[in-house]
Amino acid sequence: MKSYTEYLTFNTKNKREIINITDKVNEALKKSGIKEGFCLVSAMHVTAGVFVNDDEDGLIEDLTEWLEKLAPFNPNYKHHRTGETNADAHLKSLLIHHEVIIPVTDGRLDFGPWQQVFYAEFDGQRKKRVIIKIIGE
């Protein structure tokens, strides 16, 4: 069994951004030479996430609004007693989750219709990493 690892680095312009990283994941898969296996894509920070969904602007807006309703910014979070102001970003990350595993079949990401991979940043404007780990034959 082979494995391949690549890191992506993000330093977003905005505090919150959702970025389609499907092309970057596909590029890593091609570099790996792996034809059958699995591709893990994982945010390496507690205020970011990775998810799979449709790349449709209205859906992305709906997702952003939904997350804000479930985990709104609030100055009264207990986490803020530490001097931080990003408790909502931690909660949003929990809702999105920090990683996905995508099957690799015949040298391609084996997605269903419309599926894409996204990096979700909830406390940006600083360097953060995503790991892509591909294992298989």
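Is Gln125 buried, partly exposed or exposed? Gln125 counts as partly exposed, because its relative accessibility is 47%, and exposed would require over 50%. Please keep in mind that this is a predicted model. The points below walk through a sheet and its helix, some strand pairings, the nonpolar cores, the aromatic pairs and a few residues with unusual backbone angles.

**The three-stranded sheet**

- Three strands form an open sheet in the order S2-S7-S4, and their pairing is antiparallel.
- Strand S2 (17-20) and strand S4 (48-54) each have a single partner strand and stand at the edges, so one side of each lacks a neighbour in the sheet.
- From one strand to the next, the twist averages 30°.
- S2 and strand S7 (residues 115-121) run antiparallel and are joined by 4 bridges; within this pairing, Ile18 has Ala120 of S7 as its bridge partner.
- Helix H2 (residues 57-70) lies across S2, S4 and S7, and its direction is at about 140° to S4.
- As a general reminder, strands of a sheet pair through backbone hydrogen bonds, in either a parallel or an antiparallel sense.

**Strand S5 and its partners**

- S3 and S5 are antiparallel and share 6 bridges, with Phe38 standing opposite Pro103 in S5.
- S5 also pairs with strand S6 (residues 108-109), again in the antiparallel sense, over 2 bridges; here Val104 stands opposite Leu109 in S6.
- The hairpin of S5 and S6 has 2 residues between the strands, and Asp106 takes a positive phi near 55° in this hairpin.
- Side chains alternate along S5: one face carries Val100, Ile102 and Val104, which are buried, while Glu99, Ile101, Pro103 and Thr105 point to the other face and are not buried.

**Nonpolar cores**

- In soluble globular proteins, nonpolar side chains tend to be buried together.
- The largest nonpolar core has 21 residues, and Ile21, Cys39, Val41 and Ile132 touch the most other members.
- At least two residues of this core come from each of strand S1 (2-10), helix H1 (22-32), strand S3 (37-43), S4, S5, S7 and S8.
- Val41 has many contacts beyond its neighbours within four places in sequence, among them Ile21, Val25, Val50, Val100, Ile102, Val117 and Ile132.
- A second core, separate and made of 9 residues, includes Ile60, Ala89, Phe118 and Ala120.

**Aromatic pairs**

- How many aromatic pairs does a search of the whole structure find? The search gives 2.
- Phe10 and Tyr119 form a stacked pair, with 4.3 Å centre to centre and 10° between the planes.
- Because Phe10 lies in strand S1 and Tyr119 in strand S7, this pair ties together parts that are 109 residues apart in sequence.
- Phe10 counts as buried at 8% relative accessibility, and Tyr119 counts as buried at 0%.
- Phe51 and Phe118 are also stacked, at 5.1 Å centre to centre with 15° between the planes.
- Phe51 in strand S4 and Phe118 in strand S7 are 67 residues apart, and their pair links distant parts of the chain; both residues are buried.

**Helix H3 and the residue after it**

- Ala87, Asp88, Ala89, Lys92, Ser93 and Ile96 are the buried residues of H3, and their cover includes S4, H2 and S7.
- His97 comes just after H3 and takes a positive phi of about 85°.
- The loop that holds His97 runs between helix H3 (87-96) and strand S5 (99-105), and His97 counts as exposed because its relative accessibility is 52%.

**Back to Gln125**

- Gln125 sits in the loop between S7 and strand S8 (128-136).
- Its phi is near 70°, which is a positive value in a residue other than glycine.
- For context, most residues other than glycine have a negative phi.

**Ser32 in helix H1**

- Ser32 belongs to helix H1 and counts as buried, because its relative accessibility is 10%.
- The Ser32 side chain reaches the backbone oxygen of Leu29 at 2.6 Å.
- Leaving aside neighbours within four places in sequence, Ser32 is in contact with Lys2, Tyr4 and Ile134.

Terms used
Residues numbered from 1 in each chain as written. Predicted model: local features only at pLDDT ≥ 70, side-chain atom pairs only at ≥ 80, totals over all residues. Heavy atoms only, no water. Pairing = 2+ DSSP bridges. Axes fitted to C-alpha atoms, helices over the stretch in contact; angles between N-to-C directions. Contact = heavy atoms within 4.5 Å. Buried < 20%, exposed > 50% of the residue type's maximum accessible area, 1.4 Å probe, protein only. Core = buried A, V, L, I, M, F, W, Y, C linked by side-chain atoms within 4.5 Å. Polar contact = N/O pair within 3.5 Å; in protein donor to acceptor, adjacent residues only side chain to side chain. Phe/Tyr/Trp six-rings, centres within 6.5 Å; stacked < 30°, edge-to-face > 60°.
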